[in-house]
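Reader: Before I rely on any of the labels attached to this protein, I would like to go through the reasoning behind them with you.

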Amino acid sequence: MASDPPAQADPADSAIDSVSVLSEDSRRRMFAFIRRARRAVTRDEAAASVGISRKLAAFHLDKLVDAGLLRARYETPGGTRKVGRQPKMYEPTDAQITVNIPDRRHELLADLLLDAVLTERAGENAAQAAMRAAQERGRQVGEAARHETRPGRLGPERGLTTCERLLDQYGYEPVREAPTRLRLRNCPFHPLAARAPDLVCGMNHAFLSGYLGGLEVNGVCAVLAPEPGECCVRLGTGEAEAAEGETPGGR
């Protein structure tokens, strides 16, 4: 029997936690000092940079370590070996903090466009290469999710439930409008989608279509169904889309 995939840390939650850690003035100033230093610094140096005690500085520095913004190690400044315990040194990690509400994934779009440029084939134009790159990436993501979760056969309802988890992580804000229809309330590529809707919405549609294929969800398709302020794509079965078309204002 297939089990639910393990819960993963939400990158947006991690970013918000990091921002909250930096909300304290002394902590934020020490973090800025350490980043500018371009080397590991001691507690004494960090404390002196903001004019607080070494003990209080240690408290704030450890908070920054816990948040993944700094890393600590024991080392003698300058690399000179001395008798006694080596002091604790702090330096920045490679963590980058980005908080967008609602969620935006412009880096994914940029990465897909770079893939398209680097792999453009003979006979393809730029837009065709972009659609192909987006669909291939979506398929890879779907295949990886299937390999990790091993969900077995996915019919429409279970398939859309599985899709909800990943699409929520990608910032789509999925809402189950019906058992066999999933509406995506947020466009992760806004406002770029508004500037070039044919290209960006086409890539989004190709990415989600590839994802469904890689995940092997049976009977569900990605449909272009733009709504103001929402993602341009809806996921559903043929029957669900037909029923939508029969309603007043349906597409």
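Author: This is a predicted model, in which local features need pLDDT of at least 70, side-chain atom pairs count only at pLDDT 80 or more, and totals for chains, interfaces and linings use all residues. Residues are numbered from 1 along each chain as its sequence is written, and side-chain values use heavy atoms, with hydrogens and water left out.

Reader: Why is the contact between Arg137 and Asp115 called a salt bridge?

Author: A salt bridge requires a side-chain nitrogen of Lys or Arg within 4 Å of a carboxyl oxygen of Asp or Glu; the N to O distance between Arg137 and Asp115 is 2.5 Å, so the pair qualifies. Arg137 lies in helix α6 (residues 126-149) and Asp115 in helix α5 (residues 106-119), 22 residues apart, where helices are DSSP runs of H or I with at least four residues, numbered from the N terminus.

Reader: What makes Asp115 partly exposed, and Arg137 buried?

Author: Buried means under 20% relative accessible area, exposed over 50%, and partly exposed in between, with a 1.4 Å probe and protein chains only. Arg137 has 17% and is therefore buried, whereas Asp115 has 25% and is therefore partly exposed.

Reader: How do you know that Glu136 and Arg132 are separated by about one helical turn?

Author: They are four residues apart in helix α6, which means about one helical turn, and their side chains meet in a salt bridge at 3.4 Å, N to O. Arg132, at 12%, is buried, while Glu136, at 34%, is partly exposed.

Conventions: Helix = DSSP H or I, 4+ residues; strand = E, 2+ residues; numbered from the N terminus.
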